[in-house]
Amino acid sequence: QVQLVESGGGLVQAGGSLRLFCSVSGRPFSGYAMGWFRQAPGKEREFVAGISRTGGSINYAESVKGRFTISRDNAKNTGALQMNSLKAEDTAVYYCAVGSVLSLYSRVYTYWGQGTQVTVSA
């Protein structure tokens, strides 16, 4: 059983920064691609960023490109999402997920964390 736990969410003013973490246990993190998704109330779950198993491939949603940075440390079984220049539109519950391949589609990912709330005040 693979378990993921997000942390690092909170309340931040527009223009500020947060760093989210995803801790993976149960199986080696190196065996999975990781994606970050977010979901605001009443909205569809949205792809934010993804990274391949080795970190060789990275994808960002256009809405966050240039502001967010995804990374991973396989030795520590931890992924991260650095979020800079935050906007009110970034407010959502953020989820990390792992799967066999990097994908923009949530259905590809097998295991999900519980989510962490990010609130950006305008």
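These legends describe close-up views of a predicted model.

**View 1. Strand β8 and its two partner strands.**
Strand β8 spans residues 78–83. Five of its six residues are buried, so β8 is largely enclosed by the rest of the structure. Strand β3 (residues 18–25) pairs with β8 in the antiparallel sense, over six bridges. Strand β7 (residues 68–73) also pairs with β8 in the antiparallel sense, again over six bridges. L81 serves as a reference point for both pairings. In β3–β8, L81 is the bridge partner of L20. In β7–β8, L81 stands opposite I70.

**View 2. Q82 within β8.**
Q82 is found in strand β8. Its side chain makes a polar contact of 3.2 Å with the side chain of R19. Residues up to four places away in sequence aside, Q82 touches S17, L18 and R19. It also touches R67, F68 and T69.

**View 3. The β7–β8 hairpin and its turn.**
Strands β7 and β8 form a hairpin, with four residues between them. N77 lies in the loop that joins the two strands. Its phi is positive, about 55 degrees, although N77 is not a glycine. With a relative accessible area of 26%, N77 is partly exposed. That value fits the class because partly exposed covers the range between 20% and 50%.

**View 4. S85 after strand β8.**
S85 sits in the loop between β8 and β9 (92–99). S85 is not a glycine, yet its phi is positive at about 50 degrees. The residue counts as partly exposed, at 41% relative accessibility.

**View 5. S52 in the β5–β6 loop.**
S52 is placed in the loop between β5 (46–51) and β6 (58–60). The residue is buried, with a relative accessible area of 15%. The side chain of S52 reaches the backbone nitrogen of G56 at 3.2 Å. Beyond neighbours within four places in sequence, S52 is in contact with A33, S57, R72 and L102. S71 is 19 residues from S52 along the chain, and their C-alpha atoms are separated by 9.8 Å.

**View 6. The F37–Y109 aromatic pair.**
The structure holds six aromatic pairs. One of them is formed by F37 and Y109, in an edge-to-face arrangement. The distance is 5.3 Å centre to centre, with 75 degrees between the planes. This pair links distant parts of the chain, 72 residues apart. F37 belongs to strand β4 (residues 33–39) and Y109 to strand β10 (residues 109–112). F37 counts as buried, at 1% relative accessibility. Y109 counts as buried too, at 5%.

**View 7. The Y95–W112 pair and the aromatic cluster.**
The ring centres of Y95 and W112 lie 6.5 Å apart, and their planes stand at 75 degrees, so the pair is edge-to-face. Y95 is in strand β9 and W112 in strand β10, so the pair ties together parts that are 17 residues apart in sequence. W112 is partly exposed, with a relative accessible area of 25%. Y95 and W112 belong to one aromatic cluster with F37, F47 and Y109.

**View 8. Arginines over aromatic rings.**
The charged end of R72 sits over the ring of F29, 3.9 Å from its centre. R72 is also among the contacts of S52. R107 lies over the face of Y105, at 5.2 Å from the ring centre.

Methods: Residues are numbered from 1 along each chain as its sequence is written. This is a predicted model: local features need pLDDT of at least 70, side-chain atom pairs count only at pLDDT 80 or more; totals for chains, interfaces and linings use all residues. Side-chain values use heavy atoms; hydrogens and water are left out. A polar contact is a pair of N or O atoms within 3.5 Å; within protein, one must be able to donate a hydrogen and the other to accept it, and residues adjacent in sequence count only if both atoms are side-chain atoms. Contact means heavy atoms within 4.5 Å. Buried means under 20% relative accessible area, exposed over 50%, partly exposed in between (1.4 Å probe, protein chains only). Two strands pair if DSSP finds at least two bridges between them. Rings of Phe, Tyr and Trp (its six-membered ring) pair if their centres lie within 6.5 Å; planes under 30 degrees apart count as stacked, over 60 as edge-to-face and the rest as tilted. A charge sits over a ring if NZ of Lys or CZ of Arg is within 6 Å of the ring centre and within 35 degrees of the ring normal.
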